[in-house]
Amino acid sequence: MTDVRLAAAIVVHDDRVLIVRRSEKEDFLPLAWGVPGGKVDAGEKSRDAVLRELHEETGLDGTVVQYVGRLRFSSPRHGRTVWNIQRNYLVHLRRCSGTPPTVSLPEEDQEFRWVPTGEIENADLDNHNLAAIRQALAAV
């Protein structure tokens, strides 16, 4: 079985973390809150994928500050279980406007929030996304 490679952006801006709610159209965890991220394309480096995914999912441009860790989890895919290896990156924004920065989501039913770092434990996140954010906050 081949692992699915993922990259996630933990964006911290003015002591707040960006979280995004997935569209109800998503096959995996519709309407769940999490950090921006997604699949690493064949031949793509995860450091490049995380910035691409951040831009695709939020319209924001960032710079990788550092790799903060990885997480492994299983998920259903096409009727079978696959293992996902997610590399997590602390990302700072470039050329952002507004405080907090303006986010452009691809689907109308999506939402975003800038959650104060001290309140992240109460932000309706699953354990996986909490773990990714904790990795980044430990590196700050």
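## Elements and confidence

Helices (H or I, at least four residues) and strands (E, at least two) are taken here as DSSP runs, numbered from the N terminus. On that basis, Asp14 falls in the loop between β1 and β2.

The model is predicted. Its chain has a mean pLDDT of 91, and 97% of the residues reach 70 or more. Among the elements, helix α1 (residues 46–58) has the highest mean pLDDT, 97, and β5 the lowest, 92. Where pLDDT is low, predicted coordinates should not be read in detail.

## Nonpolar cores

The largest nonpolar core contains 18 residues. Those with the most contacts inside this core are Ile10, Val17, Ile19, Ile120, Ala123, Leu125 and Ile133. At least two core residues come from each of β1 (4–13), β2 (16–21), β5 (61–77) and α2 (127–139). Helix α2 gives the largest share, four residues.

Leu125 is in contact with Ile19, Trp33, Gly34, Ile120, Leu130 and Ile133, when its neighbours within four places in sequence are left aside. Another core, of 16 residues, lies apart from the largest one; Val20, Val40, Leu60 and Trp114 are among its members.

## Phe73 and Asn129

Phe73 belongs to strand β5. Its relative accessibility is 17%, so Phe73 counts as buried, the cut-off being under 20%. Residues up to four places away in sequence not being counted, Phe73 touches Leu6, Phe28, Val82, Trp83, Asn84, Gln86 and His128. One of these contacts, Trp83, is ten residues from Phe73 along the chain, and the C-alpha atoms of the two are separated by 5.7 Å.

Asn129 is part of helix α2. This residue is buried because its relative accessible area is 10%, which is under the 20% limit. Asn129 touches Trp33, Gly34 and Val35, again without counting residues up to four places away in sequence. Trp33 and Gly34 are also in contact with Leu125.

## The largest pocket

The largest pocket holds about 1,000 Å³ of space. Its lining is made of 37 residues, and Arg22, Glu26, Phe28, Gly37 and Gly38 lie nearest the centre. Phe28 is also one of the residues that Phe73 touches.

Several elements, β1, β3 (33–34), β4 (37–39), α1, β5, β6 (80–94) and α2, each supply at least two lining residues. By type, the lining divides into 15 nonpolar, eleven polar and eleven charged residues. Strands β1 and β5 and helix α2 each also supply at least two residues of the largest nonpolar core.

## Positive phi in two loops

Most residues other than glycine have a negative phi. Asp14 has a positive phi of about 50 degrees, although it is not a glycine. As stated above, Asp14 sits in the loop between β1 and β2. With a relative accessibility of 53%, Asp14 counts as exposed, since the limit for that class is over 50%.

Asp124 likewise has a positive phi, near 60 degrees, and is a residue other than glycine. Asp124 is located in the loop between β7 (111–116) and α2. Its relative accessible area is 58%, and Asp124 is therefore exposed.

Methods:
Residues are numbered from 1 along each chain as its sequence is written. This is a predicted model: local features need pLDDT of at least 70, side-chain atom pairs count only at pLDDT 80 or more; totals for chains, interfaces and linings use all residues. Side-chain values use heavy atoms; hydrogens and water are left out. A nonpolar core is a set of buried Ala, Val, Leu, Ile, Met, Phe, Trp, Tyr and Cys residues joined through side-chain atoms within 4.5 Å. Buried means under 20% relative accessible area, exposed over 50%, partly exposed in between (1.4 Å probe, protein chains only). Contact means heavy atoms within 4.5 Å. pLDDT is the predictor's confidence in each residue, from 0 to 100. On a 1 Å grid over the protein atoms alone, a cavity is a set of points where a 1.4 Å probe fits but cannot get out, and a pocket is an open set with protein on both sides within 12 Å along at least five of seven lines; lining residues have an atom within 4 Å of a point. Grid points are joined across faces, edges and corners, and a volume is the space filled by probe spheres set on the points. Ala, Val, Leu, Ile, Met, Phe, Trp, Tyr, Cys and Pro count as nonpolar, Asp, Glu, Lys and Arg as charged, and the others, Gly among them, as polar.
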